[in-house]
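Hi,

Here is the structure I promised to pass on. Have a look at it first, and then read my notes below.

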Amino acid sequence: MNKFLIIGLGNIGDEYRHTRHNIGFDVVTAFVLKHGGLFKTDRLAETAEVKWKGKIFICIKPTTYMNLSGKAFKYWIDKEKVDLPATLTIVDELALPLSKLRLRGSGSDAGHNGLKDIQLTLGTDQYPKLRFGIGNNFPKGRQVDFVLGRWTATEIPIVQQKIEKCSEVIESFAAIGIEKTMNMTNTLNFE
């Protein structure tokens, strides 16, 4: 495989910028910047094309809002003729502590509205996901405020470290495949 579709999930608009729920956007942006790419506004997404070691990465940040992420995913996978196993969706994950990343080749939406819409649109949960742990350090009934909130000053260094590592995970996913990359990624602990 030489062409990959990298999807960062998030919401458009300044009020959502750099919130926990938009970490997918932040990771994809960091990956594109690392490789000297530029985003442009295109159909249903901001897109950038990055070339690295003979591989092409079509990177998208859907402009459909989180709950309609499947529409952008489907359009770009069809347009670019990318196989489902050569896609990687980056998403925030409440069920994982901030210290963790989790890469899987398939798996449920775990209640995440962006993943839920992708699964509904594709008719399968058999596509790779990189889950970025955001923790669940919020009082009962305040989940939405937490997810749509910004990182605390103590979280920011860990978040930045994890974003950098995610760029390496994307490269590794393309270079050596998901199995080996999972073994390296899922045991990491960020302090």
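Before the first stop, one bit of vocabulary: helices are DSSP runs of H or I with at least four residues, strands are runs of E with at least two, and both are numbered from the N terminus. Also keep in mind that this is a predicted model.

**The loop after H2**

With that in hand, go to Lys81, which sits in the loop between helix H2 (69-80) and strand S5 (87-93). This lysine follows H2 and has a positive phi, near 55°. That caught my eye, since most residues other than glycine have a negative phi. Lys81 is exposed, as its relative accessible area is 70% and the cut-off for exposed is over 50%.

His18 is another non-glycine residue with a positive phi, near 60°. Look for His18 in the loop between strand S1 (3-8) and helix H1 (23-34). With 45% relative accessibility, His18 counts as partly exposed.

**Helix H2 itself**

Now step back into H2. The helix has 12 residues and spans 17 Å from its first C-alpha to its last, close to the 16 Å expected at 1.5 Å a residue. Which residues of H2 are buried? They are Ser69, Gly70, Ala72, Phe73, Trp76, Ile77 and Glu80. These residues cover an arc of only 160° around the axis, so they are on the same side of H2. And what covers them? The cover includes S1, strand S2 (40-42), strand S3 (45-52), S4, S5 and helix H3 (113-122).

H2 also holds a salt bridge between Asp78 and Lys74, with the closest N and O atoms 2.7 Å apart. The two residues are four apart in the helix, about one turn. Both ends are partly exposed: Asp78 has a relative accessible area of 42%, and Lys74 has 34%.

**A residue in S5**

On the far side of the Lys81 loop in sequence comes strand S5, and Thr89 is in that strand. Is Thr89 buried or exposed? Thr89 is buried, with a relative accessible area of 0%. Leaving aside neighbours within four places in sequence, Thr89 is in contact with Ile7, Leu9, Phe73, Leu115, Ile118, Tyr127, Pro128, Lys129 and Leu130. You have met Phe73 already, as one of the buried residues of H2.

**Around Thr63 and Glu46**

Next, try the loop between strand S4 (55-62) and H2, where you will find Thr63. At 27% relative accessibility, Thr63 is partly exposed. Not counting residues up to four places away in sequence, Thr63 touches Ile12, Leu44, Ala45 and Glu46. With Ala45 there is a polar link: the Thr63 side chain reaches the backbone nitrogen of Ala45 at 3.2 Å. As for Glu46, its C-alpha atom is separated from that of Thr63 by 6.8 Å, although the two are 17 residues apart along the chain.

Glu46 has a salt bridge too, with Lys61, where the closest N and O atoms are 3.8 Å apart. Lys61 is in strand S4 and Glu46 in strand S3, so the pair ties together parts that are 15 residues apart in sequence. Here the two ends fall into separate classes: Lys61 counts as buried at 11% relative accessibility, whereas Glu46 counts as partly exposed at 28%.

**The other salt bridges**

How many salt bridges are there? The count comes to 11. One more to look at is Lys165 with Glu168, where the closest N and O atoms are 2.8 Å apart. Both residues lie in helix H5 (residues 156-176), three residues apart, about one turn of the helix. Lys165 is partly exposed, with a relative accessible area of 25%, and Glu168 counts as partly exposed at 37%. Elsewhere, salt bridges that share partners join Lys3, Lys79 and Glu80 into one network. Glu80 brings you back to H2, where this residue is among the buried ones.

**Where to start**

If you only have a few minutes, I'd begin with H2 and its buried side, then move on to Lys81 just after the helix, and finish with the Lys61 and Glu46 pair.

Cheers

Methods. Residues are numbered from 1 along each chain as its sequence is written. This is a predicted model: local features need pLDDT of at least 70, side-chain atom pairs count only at pLDDT 80 or more; totals for chains, interfaces and linings use all residues. Side-chain values use heavy atoms; hydrogens and water are left out. Buried means under 20% relative accessible area, exposed over 50%, partly exposed in between (1.4 Å probe, protein chains only). Contact means heavy atoms within 4.5 Å. A polar contact is a pair of N or O atoms within 3.5 Å; within protein, one must be able to donate a hydrogen and the other to accept it, and residues adjacent in sequence count only if both atoms are side-chain atoms. The expected span of a helix is 1.5 Å times one less than its number of residues. The arc is that of the directions from the helix axis to the C-beta atoms. A salt bridge is a side-chain nitrogen of Lys or Arg within 4 Å of a carboxyl oxygen of Asp or Glu.
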